[in-house]
Amino acid sequence: MGECGAGFRNSSSIGNARGRSLRRPFSHGAVMDSSAPPGLSLVSVLSLLACSGQLLAAVLLTRRYCGRSSTQNWWILLWLFYDVIVHLTLEGPFVYMSLVGTVEASDGPLAELWKEYGKADSRWLVSDPTIVSIEILTVVLDSLLALLLIHAVLKDKYYRHFLQIALSVCELYGGWMTFCPDWLMGSPHLNTSSLLYLWVYLVLFNGVWVLVPVLLLLQSWFSLRSLHVLRADQSKAAKRQ
């Protein structure tokens, strides 16, 4: 999700101001005084509460449908429900706003939430082609994979780990392509002047979509290895008979 530089103080001319604006696309955060890093605002608090509400909804759905699943599968289903909720209710509206205009020019509660996140990563304010392309893939493909994986986990389907690996790789690819291009340019769109923007908006909100997919890949690795060992043992036992 998410991005500020120095303001256009004492501009000598309109042309110079425009030139600096092109080099520093984060105009929203550019006017902030670096000597006073922003803290929690009302929009920040409401945004965090909205994210907590999404997590609560995921917990309720997991308790409703998990049944007698193992503890490990309970946590996996919790993540999957949360993943789908975020993709559809948060990133879906972002894609719509970006296709019909920009977040910066949009109004409404979700637009304000994305504008808040845009203080940490300005690309989300201006319909950046790379970001929008990744988010279209995320909303459509990742949501579908997650829903199919929920069904596969609940019904113990044979294709469960195929979907789990595919989804995890898609999530990791999306995270890499979200930040790597900007890193290669020197991170001109990322605002790390605030602890809130750096550690909550950029690190926490994005890091969880790195950590959990890696853990799911490891879980698939060990599960598939166990199945392979079991099949090998059964094959050896059949040969002895």
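**View 1. The bend in helix H4 at Glu91.** In this predicted model, helix H4 bends by about 35° at Glu91. Look just along the chain for a proline: Pro93 follows within four residues. Helix H4 covers residues 71-100, 30 residues in total. From its first C-alpha to its last, H4 reaches 43 Å, close to the 44 Å expected at 1.5 Å a residue.

**View 2. Helix H4 packed with helix H8.** Here H4 meets helix H8, which runs over residues 195-240. Their axes lie 12 Å apart, at an angle of about 140°. The angle falls short of the over-145 cut-off for roughly antiparallel, so H4 is oblique to H8. The crossing of this pair is left-handed. On the H4 side you can pick out Gln72, Ile76, Trp79, Tyr82, Asp83, Val86 and His87. Facing them from H8 are Val208, Trp209, Val212, Leu216 and Gln219. Sorted by class, the contact of H4 with H8 holds eight nonpolar, three polar and one charged residues.

**View 3. Helices H6 and H7 side by side.** Helix H6 (residues 129-155) and helix H7 (residues 160-184) pack with their axes 9 Å apart. The angle between H6 and H7 is about 160°, and the two helices are therefore roughly antiparallel to each other. Their crossing is left-handed. H6 brings Thr130, Ile131, Ile134, Leu141, Asp142, Leu145, Ala146, Leu148, Leu149, Ala152 and Val153 to the contact. H7 answers with Arg160, Leu163, Gln164, Ala166, Leu167, Cys170, Glu171, Gly174, Met177 and Thr178. Of the residues in this contact of H6 with H7, 14 are nonpolar, four are polar and three are charged.

**View 4. The surroundings of Trp176.** Trp176 sits in helix H7. Leaving aside residues up to four places away in sequence, Trp176 touches Pro181 and Trp183. Val210 is also worth finding here: 34 residues separate Trp176 from Val210 in sequence, while their C-alpha atoms are 9.1 Å apart in space.

Methods: Residues numbered from 1 in each chain as written. Predicted model: local features only at pLDDT ≥ 70, side-chain atom pairs only at ≥ 80, totals over all residues. Heavy atoms only, no water. Expected span 1.5 Å × (residues − 1). Bend = angle between axes of the 7 residues up to and from the residue. Axes fitted to C-alpha atoms, helices over the stretch in contact; angles between N-to-C directions. Parallel < 35°, antiparallel > 145°, perpendicular 65-115°, else oblique. Left-handed = near helix turned anticlockwise from the far one by under 90°. Contact = heavy atoms within 4.5 Å. Nonpolar A, V, L, I, M, F, W, Y, C, P; charged D, E, K, R; others polar.
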